[in-house]
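Work through the exercises below with the sequence and the 3D structure at hand. Each task is followed by a stepwise solution.

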Amino acid sequence: TVIITPTRDELAAARLKVTKRQKLELTFEGVLSEPSVTLDGTAIRLQANVDLPEEIDLAVRHGAQGVGLLRTEFLVTGKTHLPTEDEQTDYFRRVASAFAPNPITIRTFDLGGDKFPAAFEAANEANPFLGWRSIRVCLDHEELFRPQLRALLRAARDRPIRAMIPLVTNLEEVTRTRVLLNEEAASLAAEGIPAAASIPLGVMVETPAAVILADQLASVSDFFSVGTNDLTQYTLAVDRGNARLAPRFTPHDPAVVRQLARIVTVAHETDTPVSVCGEMASDPLTLVLLLGIGYRELSVSPPTLLMLKWILRSLPVAACEAAATEALSAVSAKAVAEILRQAVTPYLDLPQLGL
Ligand code: PEP
Ligand code: MG
């Protein structure tokens, strides 16, 4: 909210808020060199979501244990030409070096919906979020996809880099991507260009179809990364960018909570590494839910890294698990939020955190 001509009271209230916020941030900074473990000693891997190069520095300074989601759309949106293979290789190597020896997970182009580069002719669609986007575009336009896959392999020649594909709804999208990746690895080798022979290939679980097929997807994927933004949008049929529907857009909805639990169950049964990279992981109350359900790896926006570490260091996993069990039989998002609130009350001063 921007107040153009604040009253004296409004100004005083804003100043107080800023002072409180600064104090809190100093508190959070106190955990910078502490390990990321819960009160009862369970290690939680905290990684960063990086959208733009400008965010790398903050993520590193805040102690991110790698990048769980490196978005690559900025390389094309707002540009008049598509990025070259060399440009992408350089960028990926730069990010990987910044976080070394921790791994980075690079997401292949998630174009479409509202994000199309000027260099790319895309027809208007009645329902862009249900339309030609993400992995669908990449598989239909290999001249866009193959250079990115080559860049991933080249950047990974001496750095820990994983690739993941967005908006997966079926197995063929994964198996076809793997074929392309293998073909490009073979041509790089034939051309004598230094590159990794293979890299781990994971899927973003961010559609109900992917959750339903999780056991089958596990057989063709090296890891899962849960995209709660889209998973919430597609599960609840609520546009994530629609301000009028904002109160309905909540990962606390039982329909989302149950899917989050199913993903962990399948991941454990199939020995598939799993993490969460949606915005949900940056919310303190939801952190409780995710830990309770069994997630041990989270990727969050860089400014929230220290706050989340500070919070998880105050929470015992057992309390989170009890809350998650209760949340799984709750009948509304409101009830789930209340359960999470009650669960953290003995450990955290929620009003102090502004919650
Ligand atoms: C998500 O959908 O949760 C996600 C992490 O990807 P994006 O927000 O880029 O769609
Ligand atoms: Mg998404």
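Angles under 35 degrees count as roughly parallel, over 145 as roughly antiparallel, 65 to 115 as roughly perpendicular and the rest as oblique. This is a predicted model in which local features need pLDDT of at least 70 and side-chain atom pairs count only at pLDDT 80 or more, while totals for chains, interfaces and linings use all residues. Residues are numbered from 1 along each chain as its sequence is written, chains are lettered from A and ligands numbered from 1 in the order in which they are written, and side-chain values use heavy atoms, with hydrogens and water left out.

**Exercise 1.** Describe the packing of helices H9 and H10.

Step 1. H9 covers residues 228-236 and H10 residues 254-270 (helices are DSSP runs of H or I, at least four residues; strands are runs of E, at least two; both are numbered from the N terminus).

Step 2. Their axes lie 10 Å apart at an angle of about 125° (axes are lines fitted to C-alpha atoms, for helices over the stretch in contact, and angles run from 0 to 180 degrees between N-to-C directions). H9 and H10 are therefore oblique to each other.

Step 3. The crossing is right-handed (the near helix is turned clockwise from the far one by less than a right angle).

Step 4. Thr228, Leu231, Thr232, Thr235 and Leu236 of H9 contact Ala255, Val256, Gln259, Leu260 and Ile263 of H10 (heavy atoms within 4.5 Å). By class, this contact has 6 nonpolar, 4 polar and no charged residues (Ala, Val, Leu, Ile, Met, Phe, Trp, Tyr, Cys and Pro are nonpolar, Asp, Glu, Lys and Arg charged, the others, Gly among them, polar).

Step 5. In the loop between H9 and H10 sits Ala237, a residue other than glycine with a positive phi, near 55°.

**Exercise 2.** Do the same for H3 and H5.

Step 1. H3 (residues 85-99) and H5 (residues 142-155) pack with axes 8 Å apart, at about 40°. H3 and H5 are therefore oblique to each other, and their crossing is right-handed.

Step 2. The contact residues comprise 5 nonpolar, 3 polar and 5 charged.

Step 3. In the loop between H3 and strand E3 (104-107) lies Pro101; the peptide bond from Ala100 to Pro101 is cis, with omega near 5°.

**Exercise 3.** Which residues come nearest to ligand 1?

Step 1. Around ligand 1 there are 13 residues (a heavy atom within 4 Å), of which Arg71, Glu206, Gly227, Asn229 and Arg240 come nearest.

Step 2. A polar backbone atom of Asn229 is 2.7 Å from a ligand 1 oxygen. For Thr228, a backbone N or O atom lies 3.0 Å from an oxygen atom of ligand 1.

Methods: Polar contact = N/O pair within 3.5 Å; in protein donor to acceptor, adjacent residues only side chain to side chain.
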